[in-house]
Amino acid sequence: MRITPSAPDSAAVFDLGEGVLAQLAGRRVTFDVNAAAPEGESTQMSIRCNLAELGDCGRKRFDVEASRQDFLFEIELPDRQPGSFGSISLTPDISQGRVPVDIYGIRVFIPDP
């Protein structure tokens, strides 16, 4: 999916179901966003998450090049019911607002101990 900035700080929002969040509660989890900039371009993107009653992940900023990369970050989630669905928001080209970002996948998983 290509995310093209339409305005400064415009973000694409992806929902995370309440059932998914309930499975992650009380654990250390890793988010993996597989992305690339268009060929011949480089840019930056920011990632934010709203995980309902489980909190958020803050704002993550990544440099995105033309080759596909995995952008990983870990967070510790409290052991409680999420109460609703959550979301992850990706904002492309936070520096200039003109270069799109290609998203190939978004995963969340529990790393091996």
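## Briefing: Asp32 and its surroundings

Leaving out neighbours within four places in sequence, Asp32 touches Asp70, Phe71, Leu72, Gly105, Ile106, Arg107 and Phe109. Asp32 sits in strand β3, and with a relative accessible area of just 5% it is buried, since the cut-off for that label is under 20%. Keep in mind that this is a predicted model. The notes below start with the whole chain, then go through the sheet, the core and the salt bridges, where Asp32 turns up again.

**The chain as a whole**

- The protein chain has 1 helix and 8 strands, and reading along the sequence you get β-β-α-β-β-β-β-β-β.
- A compact globule of 113 residues would have a radius of gyration near 13 Å, and the 14 Å of this protein chain agrees with that.
- Along its principal axes, the C-alpha trace spans about 45 × 30 × 20 Å.
- Of the 113 residues, 42% count as buried.
- The accessible surface comes to about 6,300 Å², and carbon and sulfur atoms own 43% of that.
- Take the contacts with a separation of 6 or more: 79% of them are between residues 24 or more positions apart.

**The open sheet**

- Strands of a sheet pair through backbone hydrogen bonds, in either a parallel or an antiparallel way.
- Here, 4 strands make an open sheet in the order β1-β8-β3-β6, and the pairing is antiparallel.
- β1 (2-3) and β6 (69-76) are the edge strands; each has a single partner strand, so one side of each goes without a neighbour in the sheet.
- β1 pairs with β8 (residues 101-109) in the antiparallel sense, over 2 bridges.
- Within this part of the sheet, Arg2 stands opposite Asp102 in β8.

**The nonpolar core**

- Nonpolar side chains tend to be buried together in soluble globular proteins.
- In this model the largest nonpolar core has 27 residues, and the ones with the most contacts inside it are Phe31, Val33, Met45, Ile47, Leu51, Phe73 and Ile75.
- The elements that each supply two or more residues to this core are β2 (12-16), α1 (18-24), β3 (28-36), β4 (43-50), β5 (56-64), β6, β7 (86-92) and β8.
- β3 gives the most, with 4 residues.
- Leu51 is a good place to look around: neighbours within four places aside, Leu51 is in contact with Leu16, Leu21, Phe31, Ile75, Leu77, Gly86 and Ser87.

**Salt bridges around Arg28**

- Side chains of opposite charge can pair when their charged atoms come close.
- A search of the whole structure turns up 4 salt bridges.
- One of them joins Arg28 to Glu74, with the closest N and O atoms 3.1 Å apart.
- That pair links distant parts of the chain, Arg28 being in strand β3 and Glu74 in strand β6, 46 residues apart.
- Arg28 also forms a salt bridge with Glu76, and there the closest N and O atoms are 3.2 Å apart.
- This pair, too, links distant parts of the chain: Glu76 is in strand β6 and Arg28 in strand β3, with their positions 48 residues apart.
- Put together, Arg28, Glu74 and Glu76 are linked in a network of salt bridges.
- Arg28 counts as partly exposed, at 39% relative accessibility.
- Glu74 is partly exposed as well, with a relative accessible area of 39%.
- Glu76, at 51%, counts as exposed, because that label needs over 50%.

**Back to Asp32**

- Arg107, one of the residues in contact with Asp32, also forms a salt bridge with Asp32, the closest N and O atoms being 3.2 Å apart.
- Arg107 is in strand β8 and Asp32 in strand β3, so this pair ties together parts that are 75 residues apart in sequence.
- Arg107 counts as partly exposed, at 48% relative accessibility, whereas Asp32 is buried, with a relative accessible area of 5%.
- The strands that carry this pair, β8 and β3, follow one another in the sheet order β1-β8-β3-β6.

Terms used
Residues are numbered from 1 along each chain as its sequence is written. This is a predicted model: local features need pLDDT of at least 70, side-chain atom pairs count only at pLDDT 80 or more; totals for chains, interfaces and linings use all residues. Side-chain values use heavy atoms; hydrogens and water are left out. Two strands pair if DSSP finds at least two bridges between them. A nonpolar core is a set of buried Ala, Val, Leu, Ile, Met, Phe, Trp, Tyr and Cys residues joined through side-chain atoms within 4.5 Å. Buried means under 20% relative accessible area, exposed over 50%, partly exposed in between (1.4 Å probe, protein chains only). Contact means heavy atoms within 4.5 Å. The radius of gyration is taken over C-alpha atoms; the globule rule is 2.2 Å times the number of residues to the power 0.38. Accessible areas come from the Shrake-Rupley method with a 1.4 Å probe; for residues, only the protein chains shown count as cover. A salt bridge is a side-chain nitrogen of Lys or Arg within 4 Å of a carboxyl oxygen of Asp or Glu.
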